[in-house]
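Dear colleague,

Please find the structure we discussed handed over below. I should be grateful if you would look through it alongside the notes that come after it.

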Amino acid sequence: MKPRMRTIIVGGGVMGASLAWALARSGHEVELFEQGAIPNPQASSTDEHRLIRHPYGDRAGYARMIDDAFAAWDLMWRDLGQTLYAPTGTLALTGGGAEWAVRSATTLAALGRPMVELPVAELPQRFPMLDAKGVEHAFWLDTGGTLFAQDIVAALATHLATHLATQAGVRLHANTPVRSVDLEHGRIVTAAGAAHAADMVVVAAGAWVGRLLPAMQRRLVPSRQVVIYFHLPDEQRAAWSKGPMVIHKTGDVGLYMVPPMQGRGLKVGEHSFSRSGDPEGDREAGEDEIRPLLQSCRNLFHGFDRWRTDRVKACFYTVTDDERFVVEKPAARGWVMSPCSGHGFKFAALMGLELARTIASERDAAQHARWAAGLEGETADG
Ligand SMILES: Cc1cc2nc3c(=O)[nH]c(=O)nc-3n(C[C@H](O)[C@H](O)[C@H](O)COP(=O)(O)OP(=O)(O)OC[C@H]3O[C@@H](n4cnc5c(N)ncnc54)[C@H](O)[C@@H]3O)c2cc1C
């Protein structure tokens, strides 16, 4: 264990804030710079909810990490004094020849956490809220639920600014864009021209990472994604508020549905990547972005003709070619922390704790990168 270290974090989304929490609770000094408010409404982490679930196709590395992810959230809830999570169970459906649900079931069975296969003909009985046209396979798992994303970032910011500020020496700089970073020497310069130095700099800048680190631009690609929040008739909302989350894959396309737990909205999004857009651009969603999602909803949800669009939100994934996370140390005094590709939030508390441990110890950076990429126990193309 190294003595008390000083780390600069660039980015106050869930990754930067979780790392700050993890470092500070171990007694290390942290200075965090965020270009907007914390939470920043433009950040990937700022939405009502994000899902956590065990099924991960054949990605055994990530499936195996889910229990650790839940344990890391439990530790965070203890520190925050509140639980910002609601269990929903996981309903995994596939159609159009997609194999994701079957592969997930095979992977999880090998890990000792079997999913229950539901006969498709029985779906309408068990889940009367579904029409499930074209569904070929259905699997159920009791675990999984929704993390109240923006409330988590806000609660972390308060915790960092109060308890941990006095105990450990945390300084949060909201509305302070960073103009440049020097990962070799552990330095940053803010847009206003102020220079800061530390033992380590971590760039957790979400979809903006390529602006600070042009060398990462080709690997970490901003991908504009649209989600729709719906108003439902009271009886439908009451049914959905008991769950489940629904993940529906057809071919390469994937729709997910977040049920309206604890007063939050009901949301539907599509997981296929646009691999385009600029996080600094306008966030208005166009008709052509919304139409395919509405069509998928029409096939899947019973009574969809009575749903009304409440609001549409355009957010950004930061995607890699293989959808694996990039948590790497490209220079002596600097890390890039980019767990995204549209599935990173669930691991934020774990990613924060583990990176804090590696930074504050002699743990091997390459091994850490491999673990974060979900490659432990997998082949590189697995
Ligand atoms: C629509 C959508 C649905 C998703 N669904 C799920 C899901 O169900 N489950 C799941 O696990 N994951 C999901 N994800 C992925 C998850 O939200 C992301 O992996 C996670 O939020 C990324 O967090 P982050 O901190 O890396 O990025 P961000 O939250 O974007 O934070 C980066 C921060 O860095 C700041 N910043 C950037 N540049 C600078 C600079 N130069 N100076 C100072 N500050 C800077 C930004 O303002 C921003 O606040 C989803 C993402 C989206 C967009």
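The notes below go from the division of the chain to its helices and then to individual residues.

Please bear in mind throughout that this is a predicted model.

**Domains**

The chain is divided into two domains, each built from separate stretches of sequence: domain 1 takes 6–46 + 150–219 + 322–372, and domain 2 takes 90–142 + 221–319. Their C-alpha centres lie 30 Å apart. The contact between them draws 11 residues from domain 1 and 9 residues from domain 2. On the side of domain 1 that touches domain 2, the residues comprise 4 nonpolar, 6 polar and 1 charged.

**Helices α1 and α5**

Helix α1 (residues 14–25) packs with helix α5 (residues 149–161) at an angle of about 35°, the two axes being 10 Å apart. The crossing of α1 past α5 is left-handed. From α1, the residues involved are V14, A17, S18, A20, W21 and A24; they meet A149, I152, V153, L156, A157, H159 and L160 of α5. Sorted by class, this contact holds 11 nonpolar and 2 polar residues, and no charged ones.

The geometry of α5 is close to expectation: over 13 residues, its first and last C-alpha atoms are 19 Å apart, against 18 Å expected at 1.5 Å a residue. Its buried residues are A149, Q150, I152, V153, A155, L156, A157, H159 and L160. Besides α1, these buried residues pack against β3 (50–52), α2 (60–80), β8 (145–147), α6 (163–168) and β9 (170–173).

**Helix α10**

Helix α10 has 12 residues, which should span 16 Å at 1.5 Å a residue, and the distance of 16 Å between its end C-alpha atoms agrees with this. Because 11 of its 12 residues are buried, α10 is largely enclosed by the rest of the structure. The buried residues are A348, A349, L350, M351, G352, L353, E354, L355, A356, T358 and I359.

R357 is also found in α10, which covers residues 348–359. R357 counts as partly exposed because it has 15 C-beta neighbours inside 10 Å, where 20 or more would be needed for a residue to be buried. The C-alpha atoms of R357 and L19 are separated by 9.9 Å, although these residues stand 338 places apart along the chain.

**L51 and E376**

L51 is placed in strand β3. With 22 other C-beta atoms within 10 Å, L51 is buried. Leaving aside residues up to four places away in sequence, L51 touches G144, T146, M245, Y256, V258 and K346. The C-alpha atoms of L51 and T90 are 9.7 Å apart, with their positions 39 residues apart along the chain.

E376 belongs to the segment after α11 (365–372). It is partly exposed, as 14 other C-beta atoms lie within 10 Å. Again leaving aside residues up to four places away in sequence, E376 touches G61, R370 and W371. From E376 to R103 the C-alpha distance is 18 Å, and the two are 273 residues apart in sequence.

**Backbone features to inspect**

Most residues other than glycine have a negative phi, and most peptide bonds are trans. The following places depart from that pattern.

- I38 and P39 are joined by a cis peptide bond, with omega about 0°. P39 lies in the loop between β2 (29–33) and β3.
- The peptide bond from G243 to P244 is also cis, its omega being near 0°. P244 sits in the loop between α8 (234–240) and β15 (245–250).
- A132 is not a glycine, yet has a positive phi of about 55°. This residue is in the loop between α4 (123–126) and β7 (135–141), and A132 counts as buried because it has 21 C-beta neighbours inside 10 Å.
- E323, likewise a residue other than glycine, has a positive phi near 65°. E323 is in the loop between β18 (308–319) and β19 (326–331), and is partly exposed, with 18 other C-beta atoms within 10 Å.

Yours sincerely

How values were computed:
Residues numbered from 1 in each chain as written. Predicted model: local features only at pLDDT ≥ 70, side-chain atom pairs only at ≥ 80, totals over all residues. Axes fitted to C-alpha atoms, helices over the stretch in contact; angles between N-to-C directions. Helix = DSSP H or I, 4+ residues; strand = E, 2+ residues; numbered from the N terminus. Left-handed = near helix turned anticlockwise from the far one by under 90°. Contact = placed C-beta atoms within 7 Å. Nonpolar A, V, L, I, M, F, W, Y, C, P; charged D, E, K, R; others polar. Expected span 1.5 Å × (residues − 1). Domains from an automatic or database assignment.
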